[in-house]
Amino acid sequence: MRALVTGGAGFIGSALVRYLVLERGWEVLNVDKLTYAANPSSLATVTEKRNYRFMQADICDASAMDQAFSTFQPDAVFHLAAESHVDRSIASAADFVTTNVVGTYVLLEAARKYWDGQRPDAMARFRFLHVSTDEVYGSLDDGKFFTEETPYEPRSPYSATKASADHLASAWRETYGMPILISNCSNNYGPYHFPEKLIPLILLNALEFKSLPVYGDGRNVRDWLYVDDHVRALAQIVEFGHVGETYNIGGRAPMQNIDVVTRICDVLDTLRPGPMPRRGLITFVPDRPGHDRRYAIDPGKIERELDWRAEKTFDEGIQATVEWYLENEWWWRPLREHVYPGARLGLLPIKNDRLALPESVQ
Ligand SMILES: NC(=O)c1ccc[n+]([C@@H]2O[C@H](COP(=O)([O-])OP(=O)(O)OC[C@H]3O[C@@H](n4cnc5c(N)ncnc54)[C@H](O)[C@@H]3O)[C@@H](O)[C@H]2O)c1
């Protein structure tokens, strides 16, 4: 198999590239712009492999995408390149609209041009997997779960751009008959996770006995998926999924944020005891604007139809993650010092104790 992976220098993309190159022996072309979220050192174990190559390019660049398809001749595309951090999308949505919406359009068009020019057997074999998020479904009440039939109700600039991209992917499937599939997954965690996201931020702050910021009352629920379980699911969808279908991928681990944070504290206290229990570092901070209350995925369809299951429980996954960060300071230290030192992102500016609105709407 020859797989073109976009965003392969990011968190999930690099896990996918390592899996395909090292464990599956696939030929992989990683197309990545190398934004702040990329980290080429996450690919250290594959860079010298003969079945891996890298192209630094923007998915919005149509001629670069045409070149990637025509020179590499992929059997499958895993489309992960995106701006992915909700807090950054609140601060400024422009890059999200450009990459997530326009970039997906450009990539779909390049894929269509390439696919249209293939022989019938190659056309039938080709697959395009668009990787999306459960956040497109909006926020859930207690006891409810997202299924593939849940209507879209994106509520943040990030999820709105991902929802737009999902609709483009579905439209290209229906209109042009392209062999496209979509996956919507829950929150990922695991090794090589950029330290601005909840789990690595809390883990590294706790390691250094810094305060542990928890948004709002800490009762928001996210459904956690170990990243290596996720990338197995993506390969399974490309190999065995039914064209035109959507698959929800989740680890059956919905948890309140506060429970995630206390679990990290307890694991660290055991592995690296310090002067005080780390739970004492927890600080509740103003909530994220429009913070969705609860996400929880019903992964029944992919479990039944593709025989995929998350292998790691949250306790196993978080133990493995904490151990990995303790053993791999070479990976995260430069990011903490030079790329993201830990400042709060995505708060609306406050003016006279009220939300500041642009002058045009005041
Ligand atoms: N991390 C999660 O928990 C999660 C959950 C659900 C869905 N997703 C989706 O999975 C995908 C991967 O997420 P992630 O957490 O690995 O993201 P990430 O932010 O860690 O990595 C994104 C990668 O895309 C690259 N990229 C960004 N803009 C680009 C452009 N214009 N052209 C080419 N490359 C570009 C970046 O350089 C980076 O390497 C995204 O599509 C995201 O929406 C992530």
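**Reasoning about angles, burial and a ligand shell**

Q: Why are H7 and H11 called oblique to each other?
A: H7 and H11 belong to a predicted model, and in it helix H7 (residues 198–207) and helix H11 (residues 314–327) pack at an angle of about 55 degrees. Angles under 35 degrees count as roughly parallel, over 145 as roughly antiparallel, and 65 to 115 as roughly perpendicular. The angle of about 55 degrees falls in none of these ranges, so H7 and H11 are oblique to each other.

Q: What else describes how H7 and H11 pack?
A: Two packed helices are described by the angle between their axes and the distance between the axes. For H7 and H11, the axes are 11 Å apart. H7 also passes H11 in a right-handed crossing.

Q: Which residues make the contact of H7 with H11?
A: From H7 come Ile199, Pro200, Leu203 and Leu204, and from H11 come Thr321, Val322 and Tyr325. By class, these contact residues are 6 nonpolar, 1 polar and no charged.

Q: How do you know whether Pro157 is buried or exposed?
A: Count its neighbours! Pro157 has 22 other C-beta atoms within 10 Å. A residue is buried if that count is 20 or more, so Pro157 is buried.

Q: Where is Pro157 found, and what does Pro157 touch?
A: Pro157 is found in helix H6 (residues 157–176). Not counting residues up to four places away in sequence, Pro157 touches Ser89, Ile90, Ala93 and Phe96. Pro157 and Ala91 are 66 residues apart in sequence, yet 9.6 Å apart in space, C-alpha to C-alpha.

Q: What makes Ser41 partly exposed?
A: The same kind of count settles it: Ser41 has 16 other C-beta atoms within 10 Å. Buried needs 20 or more and exposed needs 12 or fewer, so a count of 16 makes Ser41 partly exposed.

Q: Where does Ser41 lie?
A: Look in the loop between strand S2 (27–32) and strand S3 (52–56). Ser41 and Ala9 are 32 residues apart in sequence and 8.5 Å apart in space, C-alpha to C-alpha.

Q: How many residues surround the ligand, and which are the closest?
A: There are 30 residues around the ligand, and the closest are Gly7, Gly10, Ala37, Ala38 and Ala82. By class, this shell has 14 nonpolar, 11 polar and 5 charged residues.

Q: Which helices and strands each supply at least two residues of the shell around the ligand?
A: They are helix H1 (11–23), helix H4 (94–116), strand S5 (127–133) and strand S7 (187–189). The largest share, 3 residues, comes from H1.

Notes: Residues numbered from 1 in each chain as written. Predicted model: local features only at pLDDT ≥ 70, side-chain atom pairs only at ≥ 80, totals over all residues. Helix = DSSP H or I, 4+ residues; strand = E, 2+ residues; numbered from the N terminus. Near = placed C-beta within 6 Å. Nonpolar A, V, L, I, M, F, W, Y, C, P; charged D, E, K, R; others polar. Axes fitted to C-alpha atoms, helices over the stretch in contact; angles between N-to-C directions. Left-handed = near helix turned anticlockwise from the far one by under 90°. Contact = placed C-beta atoms within 7 Å.
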